[in-house]
Amino acid sequence: MTNNLEIKKTILNKIKEYDRILLFRHFRPDGDAVGSTKGLAAIIKATWPEKEVLHVNEDYAKYLEFMGSENDPVPEEKFADALGIILDTGDIGRTSSKKHSLCKEIVKIDHHIDRDPYGDYSWVEDHRAAACELVVDFYDTFKDELVMTKEAATYLYTGIVTDSGRFRFREVSGETLRLAGLLLNFGIDTETLYANLYLDEFSQLKFKAHVYEAMKMTENGVAYLYVDKAMQEEYNLSQEDASASVSYMDSIKGCLCWIAFIETGDAEGTIRVRLRSRFAPINHIAEQFRGGGHACASGATVYNEDELLQLVNAADAYIKEYKETHEGWL
Ligand code: AMP
């Protein structure tokens with residue numbers, strides 16, 4: 001049994017105590033945000049069918065539509081006596097819906113660095129590969145009382161697979177694999193799951209080919225790409241398609257950091273920044289530009305091309321220093 005048993009017991013007791021549980025996740029959802037909320041909801045519903053369990057979100061991701069609906073209409077009067085559980089959200093300002101403030105009590109379950117402690121009860125383990133890993137650990141801790149289903153296992157496995165980069169990221173531990181293995185034993189259809197997650201449209205592959213033409217590389221090995229509105233129009237890209245470009249740059253030898261800048265087209269000129277790295281943590285660079293996140297996967301916001309270049313230069317200077325002072329990077 002892992003540490004944090006006391007907070008897990010408290011959360012279990014809170015779930016038992018409330019008749020209505022409302023689940024929240026971060027905006028711009030990923031597989032872990034959707035998987036952890038839907039997975040925990042499915043466990044609660046299978047264990048206590050009489051409880052009302054609802055999802056309160058105001059956005060959705062088209063590429064995750066295969067995971068089903070997660071925007072329940074919840075009338076205002078249903079909040080005051082409800083328990084709110086916010087998953088996979090380090091900073092409370094990043095929730096999809098702000099209505100958690102109407103809930104009677106709030107539970108935080110998360111795996112991001114705890115820079116913004118919030119909630120009446122908070123369980124954060126930032127060494128975990130995914131928030132879904134925490135939910136499976138929760139199930140495993142209380143498996144004599146909780147019911148796991150194939151449906152819940154599929155949601156949770158989806159979150160672990162996506163947030164760990166198919167079990168490649170450094171946060172993946174023996175415990176991640178053990179808990180993922182536990183889920184597989186519930187009969188997940190992995191062929192369908194991976195087809196849903198990883199097949200590309202023909203047009204996306206054409207865009208990928210363009211990314212390899214258009215990306216730039218700094219002197220010290222920072223790859224970057226600016227996906228402006230013209231490029232988004234030319235390749236008929238949604239914001240999600242455009243954002244996915246960051247992962248196309250993830251396998252360049254000697255390039256320890258890669259960054260996609262996505263023009264959002266809003267009135268403020270917001271450019272969404274997605275930063276990724278290997279070996280060298282880059283979240284401190286994101287933090288200098290209105291962002292944050294994980295050591296090697298973080299996000300930020302810039303507002304013009306000057307700031308974009310400042311960020312690239314800061315990353316380049318840091319990667320230069322990192323390479324000079326560390327060995328073994330590739
Ligand atoms: P993304 O590139 O949006 O997938 O973000 C990667 C990680 O960084 C996720 O864990 C996000 O929650 C986090 N993140 C992204 N943008 C921000 C931001 N502006 N502030 C804090 N964390 C962020």
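**Close-up views of a predicted model**

**View 1. The largest nonpolar core of the predicted model has 49 residues.** Ile15, Ile85, Ile109 and Leu183 have the most contacts inside this core. Helix α4, which spans residues 150-163, gives the most to the core, with seven residues. Another core lies apart from this one and has 25 residues. Among them are Ile271, Ala300, Val312 and Tyr322.

**View 2. Surroundings of isoleucine 85 in the largest nonpolar core.** With its neighbours within four places in sequence left aside, isoleucine 85 is in contact with Ile15, Ile21, Leu22, Leu23, Phe24, Leu40, Val107 and Ile109. Of these contact partners, Ile15 and Ile109 are also listed with Ile85 among the residues with the most contacts inside the core.

**View 3. The two domains and the contact between them.** The domain assignment gives domain 1 as residues 5-197 and domain 2 as residues 202-325. Their C-alpha centres lie 28 Å apart. Domain 1 puts 11 residues into the contact, and domain 2 puts in 10 residues. About 830 Å² is buried between the two domains, and carbon and sulfur atoms give 42% of this area. On the domain 1 side, Arg28, Arg115 and Arg170 lose the most area to domain 2, together 48% of what that side buries.

**View 4. Polar and charged pairs across the interface of domain 1 and domain 2.** Two salt bridges are found across this interface. Arginine 115 and glutamate 287 meet through their side chains in a salt bridge, at 2.7 Å from N to O. Five residue pairs are in polar contact across the interface, with both residues at pLDDT 80 or more.

Methods: Residues are numbered from 1 along each chain as its sequence is written. This is a predicted model: local features need pLDDT of at least 70, side-chain atom pairs count only at pLDDT 80 or more; totals for chains, interfaces and linings use all residues. Side-chain values use heavy atoms; hydrogens and water are left out. A nonpolar core is a set of buried Ala, Val, Leu, Ile, Met, Phe, Trp, Tyr and Cys residues joined through side-chain atoms within 4.5 Å. Buried means under 20% relative accessible area, exposed over 50%, partly exposed in between (1.4 Å probe, protein chains only). Helices (H or I, at least four residues) and strands (E, at least two) are DSSP runs, numbered from the N terminus. Contact means heavy atoms within 4.5 Å. Domain bounds come from an automatic or database domain assignment. Buried area is the accessible area (1.4 Å probe) that two parts lose on being put together, summed over both. A salt bridge is a side-chain nitrogen of Lys or Arg within 4 Å of a carboxyl oxygen of Asp or Glu. A polar contact is a pair of N or O atoms within 3.5 Å; within protein, one must be able to donate a hydrogen and the other to accept it, and residues adjacent in sequence count only if both atoms are side-chain atoms.
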